[in-house]
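Let's take a friendly walk through this model, from its interior to its sheet and its aromatic rings. Have the structure open as you read.

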Amino acid sequence: MICDHGCLYCSTPTIAAARTNRVFKEHGTTAQKTHNAQIACIDLGTPKRVAADAKKLTESDVVMMCTKVDPYSPAVTETNLFCDCLHEVLTNNSSCQIRVLSKNAGIVDVLKDFTEYKDRILFSLSITAPASMQDFIDIVEPNTSTIQERHEAMKEAHALGFRMYGMVCPCMPGIMTSLEQIKSTFQKILDLNPEEIFVEPVNSRGQGFNNMIAALDSAGMHSHAKDIKEIKNKDSHDDYVADLINTVAIAGDLLNIAAPIRFLSYNKKENIGAKLIDDYHVIWL
């Protein structure tokens, strides 16, 4: 329900499934307070539920590990939770696909035990910045692997024969928004023969922006804090997303990328559609 990577921009504590879960009330806290304290809330009984549900899946189904929390956060690494869940899906269903996404490069060590299923597993690690901006990542993603470690782990997974995809997310203003920043990141991903590349802006929901601004200012990174402040209101966030969509489209054309690019937008098409060069690669959520 809550992972302990401590990403300051995370909006998971604001979703209803987290906010209203009784476990937080029973412990006299909230999902947001738990997240802010960098404490994980995990259910070690999950593999049993996964085993039952996996039997109902079809060849066209894709299991996401995970969409709202990291499947291999620090707390999870102290258990067999990710390994057990992956095993239950693969052994209780012979045809569904699994898409794995993390910010922990160590997850590749677990995947080494599942190479016999490599044709059913799509793998990626979130890339949130160029490796040269690790000082920013150390502030906003305090308990994650370095960007360089993530790139190296993706190369290792590719060498093991796993199917690969790209995930450039979240794209912070000034960190992953310029044409050069997007192009250089795409080029590294293209070396892995990705089946598709996903791109996502930073979500404006919840306390994420305020958390980042406070932490960046405290660390003396005032220019980065200012960049976040400038996209806080709805109109400026719409402009930021529209500019990012256009930059991603230009980068894809310049690099002649054959793999589908999927830009995930929570902003409404009617608010930014007129500002776009094209929206063929946008998934309007």
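This is a predicted model. A good place to start is Leu86: beyond its neighbours within four places in sequence, Leu86 is in contact with Met65, Ile98, Leu111, Phe114 and Ile121. Leu86 also belongs to the largest nonpolar core, which has 71 residues, and is listed with Phe82, Phe123, Phe186, Val199 and Met212 as having the most contacts inside that core. The helix that gives the most to this core is H13, spanning residues 234-254, with 7 residues. There is also a second, separate core of 7 residues, with Leu122, Tyr165, Cys169 and Phe198 among them. In soluble globular proteins, nonpolar side chains tend to be buried together.

Helix H13 also holds Ser236. Is Ser236 buried or exposed? Its relative accessibility is 15%, so Ser236 counts as buried. Leaving aside neighbours within four places in sequence, Ser236 is in contact with Glu230 and Ile231.

Now to the sheet. It is open and made of 4 strands in the order S1-S2-S3-S4, with parallel pairing. Strands S1 (62-65) and S4 (163-164) stand at the edges; each has a single partner strand, so one side of each lacks a neighbour in the sheet. S1 runs parallel to S2 (residues 97-102), and 4 bridges join the two. Met65 stands opposite Val100 in S2, and Met65 is also one of the contacts of Leu86. Helix H9 (residues 147-159) lies across S3 (121-125) and S4, running at about 160° to S3.

How many aromatic pairs does the structure hold? There are 2, and they compare as follows.

| Pair | Centre to centre | Angle between planes | Type |
|---|---|---|---|
| Tyr72 and Phe82 | 5.9 Å | 65° | edge-to-face |
| Tyr165 and Phe198 | 6.0 Å | 85° | edge-to-face |

Tyr72 lies in the loop between S1 and helix H5 (74-77), while Phe82 lies in helix H6 (residues 81-92), so their pair ties together parts 10 residues apart in sequence. Tyr72 counts as buried at 13% relative accessibility, and Phe82 is buried with a relative accessible area of 2%.

In the other pair, Tyr165 sits in the loop between S4 and strand S5 (166-171) and Phe198 in strand S6 (residues 197-201), so the parts tied together are 33 residues apart in sequence. Tyr165 is buried, with a relative accessible area of 2%, and Phe198 is buried at 11%. Tyr165 has a further partner: Arg99 lies over the face of its ring, at 4.6 Å from the ring centre.

Notes:
Residues numbered from 1 in each chain as written. Predicted model: local features only at pLDDT ≥ 70, side-chain atom pairs only at ≥ 80, totals over all residues. Heavy atoms only, no water. Core = buried A, V, L, I, M, F, W, Y, C linked by side-chain atoms within 4.5 Å. Buried < 20%, exposed > 50% of the residue type's maximum accessible area, 1.4 Å probe, protein only. Contact = heavy atoms within 4.5 Å. Pairing = 2+ DSSP bridges. Axes fitted to C-alpha atoms, helices over the stretch in contact; angles between N-to-C directions. Phe/Tyr/Trp six-rings, centres within 6.5 Å; stacked < 30°, edge-to-face > 60°. Lys NZ or Arg CZ within 6 Å of the ring centre and 35° of its normal.
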